[in-house]
Amino acid sequence: MADFSKVTIFDATFVSEARELSQFPAAGAPEVAIAGRSNVGKSTLLNSITNRNGLARVSKTPGRTRGLVMFDITIRFAPGEERQAIRLVDLPGYGYAKGPKEDRLSWKTLVEGYVRSREALKTMLLLVDARRDLGEEEVQLCDWLAAEGLPCHVVITKSDKLGATERGLLVKARKEALRGRVSSVSMVSALKSEGIEEVWKKIAYDLRATP
Ligand code: GDP
């Protein structure tokens with residue numbers, strides 16, 4: 001079993017931001033998409049897993065509409081392994097239930113279009129906040145991804161906001177609620193750098209399973 005505490009990121013660069021399907025860059029390396037409601041801690045986790053503080057912008061304006069942002073990284077999952085290229089795809093935050101209808105429609109068009117058309121997309125991380133209930137939108141997204149045949153790993157963020165007992169109970173509850181719907185449920189604290197190895201482990205597994 002590879003030792004994921006020794007993941008090395010050699011390179012991480014911004015590729016582009018696409019607001020429409022027509023703006024997607026040509027596919028290159030295998031892609032890992034990261035989804036989640038605005039303010040869930042997506043930018044912070046992206047920075048944490050790539051070990052680059054300024055890669056993704058940590059937003060001060062939750063709900064800001066934006067496109068799908070791609071980053072190319074070169075990674076070695078464990079000592080002795082080959083380096084490999086991966087593209088991380090930061091999906092726009094959803095949770096515009098109260099926002100303008102056009103925003104909701106463009107999110108759906110962009111994300112559904114991307115997932116359906118992108119051969120290079122291999123797996124998805126769906127981030128959910130430790131202090132929020134699982135929303136209907138999140139459960140629907142899991143079911144839709146399962147129907148599309150894309151692995152989905154639910155990652156509970158901001159675990160440092162909970163005590164040890166609460167953390168265990170929450171993971172158990174989410175696993176029960178999502179059993180049969182998602183590939184895994186795990187928990188991270190980007191703030192404390194906890195759970196990051198586990199995230200890489202899920203990604204590495206899916207990339208290896210689908211060459
Ligand atoms: P995004 O909108 O999903 O990209 O979320 P951000 O990464 O911008 O984070 C939203 C807020 O949550 C910011 O104030 C972060 O500092 C905070 N945050 C992100 N990750 C963590 C974490 O692991 N622990 C705690 N306590 N706060 C976090």
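## Ligand shell, strand β2 and core

Ser193 sits in the loop between β7 (184-187) and α5 (196-209). This residue is not a glycine, yet its phi is positive, at about 55 degrees. Is Ser193 buried or exposed? Ser193 is exposed, because its relative accessible area is 51% and the cut-off for exposed is over 50%. The model is predicted.

Asn39 is another non-glycine residue with a positive phi, here about 80 degrees. Its place is the loop between β2 and α1 (42-50). Asn39 has 48% relative accessibility, so it counts as partly exposed. Asn39 also belongs to the ligand shell, where it is listed among the residues that come nearest.

**The ligand**

The shell around the ligand holds 16 residues. Which of them come nearest? They are Asn39, Lys42, Ser43, Thr44 and Asp160. Sorted by class, the shell has seven polar, five charged and four nonpolar residues. Three polar contacts of the ligand are set out below.

| Ligand atom | Protein partner | Distance |
|---|---|---|
| Nitrogen | Asp160, side-chain N or O atom | 2.7 Å |
| Oxygen | Lys42, polar backbone atom | 2.8 Å |
| Oxygen | Lys158, side-chain N or O atom | 3.1 Å |

Taken alone, the ligand exposes 580 Å². The protein buries 79% of that area. Asp160 and Lys158 make their contacts through side chains. Lys42 uses a backbone atom instead.

**Strand β2**

The loop that holds Asn39 follows on from β2 and leads to α1. Strand β2 itself covers residues 31-36. How many of its six residues are buried? Six of the six are, and the strand is mostly covered. Its side chains alternate in direction: Glu31, Ala33 and Ala35 point one way, while Val32, Ile34 and Gly36 point the other way. Both sets are buried. The charged residue Glu31 is thus part of a buried set.

β2 has two strand partners to consider here. One is β4 (residues 84-90), which pairs with β2 in the parallel sense over four bridges. Within that pairing, Ala33 has Val89 as its bridge partner. The other is β5 (residues 121-129), which runs parallel to β2 and is joined to it by six bridges. In β5, Leu127 stands opposite Gly36.

**The nonpolar core**

In soluble globular proteins, nonpolar side chains tend to be buried together. The largest nonpolar core in this model has 34 residues. Which members touch the most others? They are Leu91, Tyr114, Val115, Met124 and Leu126. Several elements give two or more residues each: β2, β3 (68-76), α2 (101-117), β5, α3, β6, α4 (164-178) and β7. The largest share comes from α2, with five residues. β2 is therefore linked to this core as well as to its strand partners, since it is among the elements that give two or more residues.

**A loop glycine**

Gly149 lies in the loop between α3 (136-148) and β6 (152-157). Both flanking elements, α3 and β6, give residues to the core. Gly149 itself is exposed, because its relative accessibility is 59%. How far apart are Gly149 and Thr123 in space, C-alpha to C-alpha? The distance is 9.6 Å, with their positions 26 residues apart in sequence numbering.

Conventions: Residues numbered from 1 in each chain as written. Predicted model: local features only at pLDDT ≥ 70, side-chain atom pairs only at ≥ 80, totals over all residues. Heavy atoms only, no water. Near = heavy atom within 4 Å. Polar contact = N/O pair within 3.5 Å; in protein donor to acceptor, adjacent residues only side chain to side chain. Areas by Shrake-Rupley, 256 points an atom, 1.4 Å probe, with all protein chains shown as cover. Nonpolar A, V, L, I, M, F, W, Y, C, P; charged D, E, K, R; others polar. Buried < 20%, exposed > 50% of the residue type's maximum accessible area, 1.4 Å probe, protein only. Pairing = 2+ DSSP bridges. Core = buried A, V, L, I, M, F, W, Y, C linked by side-chain atoms within 4.5 Å.
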